[in-house]
Amino acid sequence: MAEAYKNAGLDVTNTETDLYQCPASTEAIIKTIRITNVDGTNADTISCKITNSSNTKIAHIASTINVPADSSIELAGESIIILEAQDKVRLTGGAASGDLEAFISVVEIS
């Protein structure tokens with residue numbers, strides 16, 4: 001079994017978007033999902049869900065969680081989140097402006 005450490009980032013808007021998709025024939029362990037609000041004035045909200053490759057929801061990780069201005073939150077926390085082949089991490093913010101930035105770090109196992 002080979003392990004590879006991967007990172008991805010995304011400017012989050014109010015359109016649901018993939019932050020990360022686990023490759024085919026691979027499993028992944030999520031180490032962190034960090035959401036940062038770079039707006040110095042306004043709070044925003046974040047929703048995060050895990051889906052299969054067809055975007056069918058498997059589970060919500062967060063649902064309209066408040067992210068205060070100039071702060072970061074951790075969505076994975078102390079949890080161990082396992083993704084199967086082609087599962088996705090999808091994010092939706094509350095604002096169209098892209099004031100939220102997302103970062104994910106995973107270990108891929110193939």
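## The β4-β5 pair

Strands β4 and β5 are paired in the antiparallel sense, and the pairing extends over 7 bridges. This description refers to a predicted model. Within the pair, Ile46 stands opposite Ile65 in β5.

The two strands form a hairpin, with 5 residues between β4 and β5. One residue of the turn, Asn55, has a positive phi of about 65°.

## The four-stranded sheet

Strand β4 also has a partner in β8. Residues 44-51 make up β4 and residues 88-93 make up β8; the two strands run antiparallel and are joined by 6 bridges. Here Cys48 stands opposite Leu91 in β8.

Both pairs belong to an open sheet of 4 strands, in the order β2-β8-β4-β5, with antiparallel pairing. At the edges are β2, residues 17-21, and β5, residues 57-67, each of which pairs on one side only. On average, neighbouring strands of the sheet are turned by 20° against each other, direction ignored. In general, the strands of a sheet pair through backbone hydrogen bonds, in either a parallel or an antiparallel way.

## The nonpolar core

The largest nonpolar core has 25 residues. Those with the most contacts inside this core are Ile30, Ile33, Ile35, Ile46, Val89 and Leu91. At least two core residues come from each of the strands β1 (3-12), β2, β3 (27-37), β4, β5, β7 (81-83), β8 and β9 (100-109).

Two of these well-connected residues have already appeared in the sheet: Ile46, opposite Ile65, and Leu91, opposite Cys48. Leaving aside residues up to four places away in sequence, Leu91 touches Leu10, Val12, Thr15, Glu16, Thr17, Leu19, Ile35, Ile46, Ser47, Cys48 and Ala102. The list therefore includes Cys48, a residue that is buried, with a relative accessible area of 1%.

## The cysteines

How many disulfides does a search of the whole structure find? The search finds 0.

Why does Cys22 form no such bond? The closest cysteine sulfur to that of Cys22 is in Cys48, and the 15 Å between them is too far for a bond. A disulfide would need the two sulfur atoms to be within 2.5 Å. From the side of Cys48 the result is matched: its closest cysteine sulfur is in Cys22, again at 15 Å and too far for a bond.

Are these cysteines buried or exposed? Cys22 is buried, with a relative accessible area of 1%, and Cys48 is buried with a value of 1% as well.

Note on methods. Residues are numbered from 1 along each chain as its sequence is written. This is a predicted model: local features need pLDDT of at least 70, side-chain atom pairs count only at pLDDT 80 or more; totals for chains, interfaces and linings use all residues. Side-chain values use heavy atoms; hydrogens and water are left out. Two strands pair if DSSP finds at least two bridges between them. Axes are lines fitted to C-alpha atoms, for helices over the stretch in contact, and angles run from 0 to 180 degrees between N-to-C directions. A nonpolar core is a set of buried Ala, Val, Leu, Ile, Met, Phe, Trp, Tyr and Cys residues joined through side-chain atoms within 4.5 Å. Buried means under 20% relative accessible area, exposed over 50%, partly exposed in between (1.4 Å probe, protein chains only). Contact means heavy atoms within 4.5 Å.
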